[in-house]
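Biologist: Before we discuss the terms used for this protein, may I ask that the structure be displayed?

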Amino acid sequence: MKKNIILEKIMFKTNRFYLKKMQQECAGKTILITGASSGIGEQLAFLLGQVDCRLILVARRTEKLYAMKAEIEGMKAAVEVFSADLRVDRELGSFLDFVHKIGKLDIIISNAGKSIHRPIFQSFGRDHDFTRTMAINYFAPVRLIMSLLPLLKQSGGHIVNVSSINALMTPMPHWAAYQASKSAFDAWFRSAAPELNSNGIAASTVYLPLVRTPMIEPTAAYRTVPAMEAHQAARLIGSILYSKKRTWRPWWLWPVQAASIFVHQLPERRN
Ligand SMILES: NC(=O)c1ccc[n+]([C@@H]2O[C@H](COP(=O)([O-])OP(=O)(O)OC[C@H]3O[C@@H](n4cnc5c(N)ncnc54)[C@H](OP(=O)(O)O)[C@@H]3O)[C@@H](O)[C@H]2O)c1
């Protein structure tokens, strides 16, 4: 455990975070966080609660969202919550109507997501592993962003894509559903970014390493490996809101990418 604490300090050193800068940048803004009821999104909602802004929090868990609203409104931000399964057309549609009625949007934190770790040979009869990950990790953010772009264009807004280092690595066994869906949205967003920029909208992607949240709890192997804390990931995203950096990735990613290419080629060479 001690070894992990030292490793985590070295591996997950992030940019310095300045609360004042985030407060200045985000004051008066309307900020949408998808997947705000847990993990990184929840921590970010509380961090932005310290800003005089309007937060729109969306996820499926209604009670959790209302409990958060009550707590955050004791801080500085005003909070709107909306409960929706963003994979379901009708629910996504109602949520988008709700945001359009508000009529002002400055920042989208595209964070809602689902992860699956399962070997292909244990995935027979589980088409939903693939359709559900694509639905929430790819189609939902594409539809949401496409609908809200006019509002962001009006405000000269900013979109932050909460992605994973998986999207930058050689495809890994057991992660087909998750990696394909995160990579699909990464490709879409990278393709859209120049068009967004030329319309006055900033686009940033945060390629996160393993983060200790409910998402990784089902994967036993992750309980003992180094991971970033959810509040660290939230501060990292908070710093992107004022730096508008196009991408963030951990400093150690390139040697891991190189190693992943090598490891990937071993089984391929045997064929
Ligand atoms: N944890 C990691 O190691 C890690 C690493 C790299 C990247 N990421 C990315 O970080 C983001 C946040 O993950 P997390 O670790 O904070 O996970 P988490 O604690 O499981 O939170 C996921 C959030 O997404 C929401 N969500 C899931 N399905 C939804 C749906 N169908 N409709 C609406 N909301 C939905 C959940 O809310 P409800 O359940 O209430 O709907 C929850 O608020 C994800 O995009 C993930 O891919 C995580």
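Biologist: How do the residues of the shell around the ligand divide into nonpolar, polar and charged?

Modeller: In this predicted model, the shell comprises 16 nonpolar, nine polar and five charged residues. Among the 30 residues around the ligand, those that come nearest are Ser-38, Arg-60, Tyr-178, Val-211 and Thr-213.

Biologist: Why is the pair formed by Lys-182 and the ligand called a polar contact?

Modeller: A polar contact requires a pair of N or O atoms within 3.5 Å. A polar side-chain atom of Lys-182 lies 2.8 Å from an oxygen atom of the ligand, so the pair qualifies. Backbone N or O atoms also take part: one of Ile-40 lies 2.8 Å from an oxygen atom of the ligand, and one of Leu-86 lies 3.0 Å from a nitrogen atom of the ligand. Of the 880 Å² of accessible area that the ligand has on its own, the protein covers 94%.

Biologist: Which elements give two or more residues to the shell around the ligand?

Modeller: They are α3 (39–48), β5 (158–164) and α7 (176–198). The most is given by β5, with three residues.

Biologist: Why is Trp-251 called exposed?

Modeller: The term exposed applies over 50% relative accessible area. Trp-251 has a relative accessible area of 51%, and is therefore exposed. This residue is found in the loop between β9 (247–248) and α9 (253–270).

Biologist: Which residues make the nonpolar surface patch with Trp-251?

Modeller: Ile-6 and Ile-10 join Trp-251 in a nonpolar surface patch of about 350 Å².

Notes
Residues numbered from 1 in each chain as written. Predicted model: local features only at pLDDT ≥ 70, side-chain atom pairs only at ≥ 80, totals over all residues. Heavy atoms only, no water. Patch = residues over 30% accessible without salt bridge, like charges linked within 9 Å, V, L, I, M, F, W, Y side chains within 5 Å. Areas by Shrake-Rupley, 256 points an atom, 1.4 Å probe, with all protein chains shown as cover. Salt bridge = Lys/Arg side-chain N within 4 Å of Asp/Glu carboxyl O. Helix = DSSP H or I, 4+ residues; strand = E, 2+ residues; numbered from the N terminus. Buried < 20%, exposed > 50% of the residue type's maximum accessible area, 1.4 Å probe, protein only. Near = heavy atom within 4 Å. Polar contact = N/O pair within 3.5 Å; in protein donor to acceptor, adjacent residues only side chain to side chain. Nonpolar A, V, L, I, M, F, W, Y, C, P; charged D, E, K, R; others polar.
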